[in-house]
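Reader: I am new to this structure and would be grateful for a close look at one part, chain B. How is chain B divided into domains, and what lies at its core?

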Amino acid sequence: MSNTQQAARYTEYHPRWYRTHVSTWWWLARWPYLKFILREISSVFVAWFVVVLLLQIRALSHGPDAYARFEHWLQNPGIVLLNLIALFFVVFHAITWFNLTPRAMVVRLRGKRVPDRWIVSANYAAWAAVSLVVVWFLVRS
Amino acid sequence: MAETISLEVLRYSPEHDAEPSFQRYDVPVHKDWVVLDALNYIKDKVDGSLTFRWSCRMGICGSCGMMVNGEPKLTCATFLSDYAGDGSPVRVQPLRYFPVIRDLVVEITDFMSKLQSVKPWLIRGDEKPVSEGEYLQTPDQLDRYKQFSMCINCLLCYAACPVYGLDPVFIGPAAIALAQRYNMDSRDEGAHERMDVLAQHEGIWGCTFVGECTQVCPKHVDPAGAIQQYKLTATIERFKSFLMPWSKNEAAEK
C-alpha cells in the first residue's frame, strides 16, 4: 500500500499549526476557477441535447403525427429558452476543450513536438468539416 | 525619500495566537525590488521576528513561494513596482492549502512523502558496468522530458490546485510531473513501478483538469499537461493488460 492511500502525511512531532478550510464557494474567488466549474456544468447541457436527439429519433420512428407533436413541443417558449442556454454551454464546452487539447495530446513529427496551435486548429478544422457535412444534408433536402 | 508601499503580511505565532492576523508594514519601493526584498527589509530594519523561507533569490531554490494578493508567486520574481501603482496594500500570505507553522512558513512533509512515493529517480533493470560508459541520449530523447525536469518543487502548483485543497490525499501536480519526467526518460525502466502509485484515484484520476497549476508554474513545467498525458498512457496500459495479460507479466519480470 502506498503512503498516500490513507491520508495526507505530516511530520509526527510538530508545533501547533494553523489550517484553513476550503470554502464551499472557492470557485467564485477567481475567474479561472469559475470557468472550470462552468466547463464541468456544460456536460449536463451536452447530455440534454443527447436526450433531445433520442426523443427526436423516437418521434421519427412513431410516424408523421408523433414527429409533428415533437416539433410542436420544441416550439414551446420554455424549451426554446432552455435550448438557447444549452447551445451556449455546448459551444463553451467545445471551445474550452478544444483549447485544452494540446495539454493532453502530444504529437511528434520527425522527433519534434507539433506546435499547440496546430493541434487546436486541427480540432476547429474537423468541427468545421463535420458542420459543413450537416449543412450539406440540410440544404440538399 | 523613496516612495513607500504598504505590505499586509500574515503573522502567526503558534505559542501566542489562536489564529493568524495581518500586520501592516510600510516599505520603500525601489524599481528593482521584489516582494522578497521587501520582506528582508522588514526583517532587517523593522521587525526581526518575521519568519519566512528564502535562499537563492533567483528562482532556482523554490523556497520563497507565497501568496501575493491571493496568487501563488515566487516572491523573488515578483516585482513590488507591479503593485505600487494603485496605492492599495500588497497582501502576503503563506502558500494556500498547507498548514502554517509560523508567519509565512508552511509544513511540507506531505509533499515530500508524496514525491518520494512516485520514485523520482532513474530506475534500471540492469545496471551496465561503468567500463561500458554512459547511457547515451539523443537531443530528441532529452526533449521529451526536459520540460518536466525544470520543476524546482516550489509548491506554487499545489497552492493553485483546488483538488489538493479539497482532497489532501491527491498526490498533486509537481509529484506527478516529476514522475513523468522519469517515465519519459529513455534511460529509465521504472514506469511500471510508478504506475501503481500514479494510476489510482489519489493519483492522476483525482485531477479534474482545472489547469491552474500550469498557469502559476514559474518554470513552465506544465504539470496539468503531464497529468492528462499520463491519463492516456494509463488507459492504454490498462486496455493492453486486459487484452494481452501476458504482456504485463513480461514487463514485471524484466
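Author: The following account takes up chain B, its domains, its core and its contacts with chain A.

This is a predicted model, in which local features need pLDDT of at least 70 and side-chain atom pairs count only at pLDDT 80 or more, while totals for chains, interfaces and linings use all residues. Residues are numbered from 1 along each chain as its sequence is written, and chains are lettered from A and ligands numbered from 1 in the order in which they are written.

The C-alpha atoms of chain B fill a box of roughly 75 × 40 × 35 Å along the principal axes. Chain B contains 10 helices and seven strands; helices (H or I, at least four residues) and strands (E, at least two) are DSSP runs numbered from the N terminus. Of the 254 residues in chain B, 41% are buried, a residue being buried if 20 or more other C-beta atoms, placed from the backbone, lie within 10 Å of its own.

The domain assignment, which is automatic or taken from a database, gives chain B a domain 1 (4-106) and a domain 2 (109-253). Their C-alpha centres lie 32 Å apart. Across the boundary, 12 residues of domain 1 of chain B are in contact with 12 residues of domain 2 of chain B, contact meaning that C-beta atoms placed from the backbone lie within 7 Å. On the side of domain 1 of chain B that touches domain 2, the elements giving two or more residues are strand 3 (65-68) and strand 4 (71-74).

The largest nonpolar core has 66 residues; such a core is a set of buried Ala, Val, Leu, Ile, Met, Phe, Trp, Tyr and Cys residues joined through C-beta atoms within 7 Å. Those with the most contacts inside this core are Leu155(B), Leu156(B), Cys157(B), Tyr158(B) and Ile176(B). Helix 6 (residues 173-183) of chain B supplies the largest share, seven residues, and the core draws at least three residues from each of domain 1 and domain 2 of chain B. Leaving aside neighbours within four places in sequence, Ile176(B) is in contact with residues including Ile171(B), Leu198(B), Pro223(B) and Tyr230(B).

Chain B also meets chain A: 25 residues of chain A are in contact with 34 residues of chain B. The elements that give two or more residues to the side of chain A that touches chain B are helix 1 (31-61) and helix 3 (77-104) of chain A.

Note on methods:
Two residues are in contact if their C-beta atoms, placed from the backbone, lie within 7 Å. A residue is buried if 20 or more other C-beta atoms lie within 10 Å of its own, exposed if 12 or fewer, and partly exposed in between; C-beta atoms are placed from the backbone.
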